[in-house]
Amino acid sequence: MVFNTGAALLDAIVLAVVSKDLEGTYGYKITQDVRAVIDISESTLYPVLRRLQKDECLEVYDQAIDGRNRRYYQITERGRVQLNLYRGEWGNYSQKISRIFEEAKV
């Protein structure tokens, strides 16, 4: 993708991905789901997860899977509020950008 993805958009995408699973989801799956829509490395994603956890938008818990601990991320109520804010902002923003592209002379 030729467009840069800012921190707020990354936060919004990660919150949306994590919110799909009520029980929470783990880092590798989050990475794969996010990579389905934007090009992102794990070294970029994990600081986003830590920031969202620090901001109390995500909760973290570990679960043993096949003898190994797997870290799960679950959206909090604060995270849901933030996600709804992002959704509204994205709707306004994307409409304005689309309008500019539609009015552009080629």
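This passage describes the sheet, the helices and the nonpolar core of a predicted model.

The sheet is a convenient place to start. Three strands make up an open sheet, arranged in the order β1-β3-β2 with antiparallel pairing. Its edges are β1 (residues 25-26) and β2 (residues 58-65), each of which pairs on one side only. Two bridges join β1 to β3 in the antiparallel sense, and Y26 has Y72 in β3 as its bridge partner. Helix α3 packs on this sheet, where α3 touches β2 and β3, and the direction of α3 makes about 120 degrees with that of β2.

Helix α3 deserves a closer look. This helix has 13 residues and reaches 18 Å from its first C-alpha to its last, close to the 18 Å expected at 1.5 Å a residue. Which residues of α3 are buried? They are L45, V48, L49 and L52. Viewed down the axis of α3, these buried residues fall within an arc of 100 degrees, so they line one face of the helix. The face turned away from that buried side carries the exposed residues S43, R50 and K54. The cover over the buried residues of α3 includes α1, α2, β2 and β3. After α3 comes E56, with a positive phi near 65 degrees.

The nonpolar core brings several of these elements together. The largest nonpolar core has 21 residues, and those with the most contacts inside it are V14, L15, I30, V34, L49, L52 and L58. At least two residues of this core come from each of α1, α2 (residues 27-35), α3 (residues 42-54), β3 and α4. The most is given by α1, with seven residues. For V34, leaving aside its neighbours within four places in sequence, the residues in contact are I13, V14, V17 and I40.

Helix α4 completes the picture. Its 27 residues, 77-103, should span 39 Å at 1.5 Å a residue; the end C-alpha atoms of α4 are 39 Å apart, which agrees with that expectation. The buried residues of this helix are G79, L83 and Y86. Against what do the buried residues of α4 pack? Their packing partners are α1 (residues 7-19) and β3 (residues 68-75). Taken together, β3 pairs with β1 in the sheet, is touched by α3, and packs with the buried residues of α4.

Technical notes. Residues numbered from 1 in each chain as written. Predicted model: local features only at pLDDT ≥ 70, side-chain atom pairs only at ≥ 80, totals over all residues. Heavy atoms only, no water. Helix = DSSP H or I, 4+ residues; strand = E, 2+ residues; numbered from the N terminus. Expected span 1.5 Å × (residues − 1). Buried < 20%, exposed > 50% of the residue type's maximum accessible area, 1.4 Å probe, protein only. Contact = heavy atoms within 4.5 Å. Core = buried A, V, L, I, M, F, W, Y, C linked by side-chain atoms within 4.5 Å. Pairing = 2+ DSSP bridges. Axes fitted to C-alpha atoms, helices over the stretch in contact; angles between N-to-C directions. Arc of directions from axis to C-beta.
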